[in-house]
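The exercises below are to be worked with the sequence and the three-dimensional model at hand. Each task is followed by a solution in steps.

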Amino acid sequence: MTHLLSHLASVALAASPPAEGAARAAAPVLGRVVEGPWTAVLIPGLPLLAAVLVALCAAGRVRSKLPAWITVGCLAGAFAAAVQTYLAVVHQPGLAQGVRVLEWIHLSWGEKPGQSFAADFGLYLDSLTMLWMLFVTGLATLIALYASEYMAHDLGAGYNRFYFAFALFVFSMSCLVMGDNLILLYLGWEGVGLCSYLLIGYFYKKPSAVAAAKKAFIMNRIGDLGLALGIMLTFVQFGSVRYAEIFEAAAPYLTLAGEGRIGEIPLLIQLIPVLFTVGAFGKSAQLPLYVWLPDAMEGPTPVSALIHAATMVTAGVYLVARFLPLYQCSTWALPIVAWTGAGTALLAATIGMAQFDIKRIMAYSTVSQLGYMFAGLGVLTSAGAAYHVFTHAFFKATLFLGCGAVMHGFAGQLDLRKLSGVAFMKGWGIVGLAMLVGCLNLAGFPFTAGFFSKDMILAEAFASPTYQALGWVLLFTAGLTAYYTFRVFFRVFIGPKFYEPGDELHAHDDHGHGHGGAHGHGDGHGHAPAKAKATADAAHDFHPHAPGWAINVVMVLLTVGSILAAYPYLISWVPGLIDASSARVIEVAHGGEHAHGTFFGYDPHAVMYYVSAIVGAVGIIFAFVLHFVGRTGAATAKADALLPVFGPLARWAQNKWYVDEFYNFLVRVPLLVISHVLHLADKLLVDGLVDLAGFMPQAAGRGLRRQQTGALNGYAFGMVLGVGVIAAIGAVLLW
């Protein structure tokens, strides 16, 4: 992997002339597309092939690891194809390449502009596309290998189902990123949403997993509505959904924005990126649509690492970066992106530092770091945002998979109050080292990849007078991040050896072969009822099983990747790719003054290295003092004594600021009441009228049926009676 990353960086440097000490690619030529390499078709094609082959395995009731090896092989092939395609793309910096796979939708209702609609299954290849696909396919391959061991307990139908959804997800993500039009992007967008639903709800017999899957699906539908409206408005305004044609049609408006005449841009043009932002916030879990992602941890850990750390949740960031030219033509879009991202980063950090489930802490950390990425886009450092996406993909996948290894080995245990000293237990050294590297990156420790990528965003925020307050929010969030990250590391991975097995423990655990020397078991359980005593005895005999070769290999590779992401060539490589794509920031008059901002009189780009390093160090020191120094067990730490100082704030943070309860009160309960009222109206009024219309002829028929007795004398009597009645009526009328 070292050789590969160095080679990629050297190719980027060779293809881009250096400027200001960094590799800078040529300015993008928006609206022009040349024919691209056929190898690009393999990137989405191989994951789709894997999904088909795994489906055949399911039909054949395969009960081996064959689906895993099929998926790993196909995804590795897709990664190789991505590398080959990247090498072809960087030889023409700034110029997008296209590959039309097949004709798809072609409609026409006139000869005038805007009276035709075309959307092929085609690929749009530029440096932004290839950056995303390199880490999507690369990480997907490693996570699929990790899952081959992690999901081994479910060989058979469940194993096949998992890898089918896994491969289909990578195919959908490829369509989302590589599509050359908004319709194909939307197809991939909905595809990853469907696969996310299937994978989060993988344990479909578990009510909490089913509820989490439905929550993710419904919350994403809200954002998807905004994206759909944005796509429709884009076609109405530009007459096309193809990227090249959209960028070409938007060029005059981008010129107006560059000249500071943004007020002359039509209102509906400025509204398009706002609608896109709604979709981006739903998929990337930003306020107010973030609540689905922490609950999504109910899915298997490989799902958390793939979907909710490295790929799907970055789709919103990709959408904004791809259409940054349109965002720069809007008065409100970028400020909304910036401030919402900063607010989400802070809110999620305050919740994460109060949780006890280590996997859920990483989930809130993901929400917070996604907020950082959006803030970076909002303050017009798309290079910093993209670099943070790149670094975050590696170190957050490392952290999630490390937590998953702990969960897998300790019978589902994830409570940091019931684990301690894991890194020093036999067989857990690799996981402990990987978690240390991941935590250092997430905390922004100096000279790590996470440090450099965060610094780009912080410096640009302080460099703009408009976003000085936002910079302080992000800087404070960085301190909280360092604290809660090492709160997990100091509590779980170092310190006195102690553990309690999780809820997945059975009385006769296959791995319980002795006491070891670090078992956690309660005192006095000999007086408990028989069932409780059996459980306590099982906990006493439980011995955690260390990760196997697949998990350890993946953890090593991700750790190396997290370290190499800070390689100087890569620090310039990612910005070089961004500058050669549609995500390149143009100099606009209404944002040009941002370069004059200072940090207490100093250039933010020069001093932010030291400031962010100090803030991160303070957070780590607080975590060290409060969660490591003097700790003799896993359950308590010095931080517990500080909880009364914060009063109800600590309890509110532990309860996630009651946002879910607020949504339940404000949205779910009213909708439930309205649905019941409408149900009653439908049942009593609508169904009642229909039933009445059917009852009336029925009643008339039953009444007339009594007269049809079959007796002639009865019929004669009726006729005479009827004639008499008619005669009487006639007489009355004549009289």
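**Exercise 1. Salt bridges**

Task: In this predicted model, determine which residues are linked with R100 in a network of salt bridges, and classify the exposure of the residues in the pairs E190 with R221, E264 with R261 and R360 with D295.

Solution.

Step 1. The network that contains R100 also takes in E103, D120, R242 and E245. Side chains of opposite charge can pair when their charged atoms come close. The structure holds 14 salt bridges in total.

Step 2. E190 and R221 meet through their side chains at 3.0 Å, N to O. This pair connects distant parts of the chain, with E190 in helix α6 (residues 182-200) and R221 in helix α7, 31 residues apart. E190 has a relative accessible area of 23%, so the residue is partly exposed. R221 is likewise partly exposed because its value is 24%; the cut-off needed here is that buried means under 20%.

Step 3. Between E264 and R261, the closest N and O atoms of the salt bridge are 3.0 Å apart. E264 has 46% relative accessibility and therefore counts as partly exposed. R261, at 36%, is therefore partly exposed too.

Step 4. In the salt bridge of R360 with D295, the closest N and O atoms are 3.2 Å apart. R360 belongs to helix α15 (residues 358-378) and D295 to helix α10 (residues 292-295), so that distant parts of the chain, 65 residues apart, are linked. Both residues, R360 and D295, are buried.

**Exercise 2. A residue of helix α7**

Task: State whether N220 is buried or exposed, and identify the residue whose side chain makes a polar contact with that of N220.

Solution.

Step 1. N220 is located in helix α7, which covers residues 207-238.

Step 2. The relative accessible area of N220 is 3%, and N220 is therefore buried.

Step 3. The side chain of N220 has a polar contact of 3.5 Å with the side chain of K283.

Step 4. When neighbours within four places in sequence are set aside, the residues in contact with N220 are G282, K283 and W292. K283 thus appears in this list as well as in the polar contact.

**Exercise 3. Aromatic rings**

Task: Count the aromatic pairs, and describe the pairs F247 with F323 and F447 with F451.

Solution.

Step 1. The count of aromatic pairs comes to 44.

Step 2. F247 and F323 make a tilted pair, with 5.9 Å from centre to centre and 50° between the planes. The pair links distant parts of the chain: F247 lies in helix α8 (residues 243-258), while F323 lies in the loop between α12 (315-322) and α13 (324-327), 76 residues away. F247 and F323 are both buried.

Step 3. The ring centres of F447 and F451 are 6.5 Å apart; their planes meet at 50°, and the pair is therefore tilted. F447 has a relative accessible area of 67% and is therefore exposed. F451, in contrast, counts as buried because its relative accessibility is 4%.

Step 4. A cluster linked by ring pairs consists of Y159, F162, Y163, F166, Y202 and F203.

Step 5. Charged side chains also sit over rings. R417 is placed over the face of F356, 3.8 Å from the ring centre. The charged end of K454 lies over the ring of Y372, at 5.6 Å from its centre.

**Exercise 4. Strand pairing**

Task: Give the sense in which strand β4 pairs with β3 and with β5, parallel or antiparallel.

Solution.

Step 1. Strand β3 (residues 33-35) pairs with strand β4 (residues 96-108) in the parallel sense, over three bridges. Within this pairing, E35 has G98 of β4 as its bridge partner.

Step 2. Strand β4 runs antiparallel to strand β5 (residues 116-125), and nine bridges join the two. H106 has A118 of β5 as its bridge partner.

**Exercise 5. The whole chain**

Task: Report how many helices and strands the protein has, and what percentage of its residues count as buried.

Solution.

Step 1. The secondary structure comprises 26 helices and seven strands.

Step 2. The protein has 735 residues, of which 54% count as buried.

Step 3. The C-alpha trace spans about 115 × 85 × 55 Å along its principal axes.

Step 4. Of the contacts between residues at least 6 apart in sequence, 81% join residues at least 24 apart.

Key. Residues are numbered from 1 along each chain as its sequence is written. This is a predicted model: local features need pLDDT of at least 70, side-chain atom pairs count only at pLDDT 80 or more; totals for chains, interfaces and linings use all residues. Side-chain values use heavy atoms; hydrogens and water are left out. Two strands pair if DSSP finds at least two bridges between them. Helices (H or I, at least four residues) and strands (E, at least two) are DSSP runs, numbered from the N terminus. Buried means under 20% relative accessible area, exposed over 50%, partly exposed in between (1.4 Å probe, protein chains only). A polar contact is a pair of N or O atoms within 3.5 Å; within protein, one must be able to donate a hydrogen and the other to accept it, and residues adjacent in sequence count only if both atoms are side-chain atoms. Contact means heavy atoms within 4.5 Å. Rings of Phe, Tyr and Trp (its six-membered ring) pair if their centres lie within 6.5 Å; planes under 30 degrees apart count as stacked, over 60 as edge-to-face and the rest as tilted. A charge sits over a ring if NZ of Lys or CZ of Arg is within 6 Å of the ring centre and within 35 degrees of the ring normal. A salt bridge is a side-chain nitrogen of Lys or Arg within 4 Å of a carboxyl oxygen of Asp or Glu.
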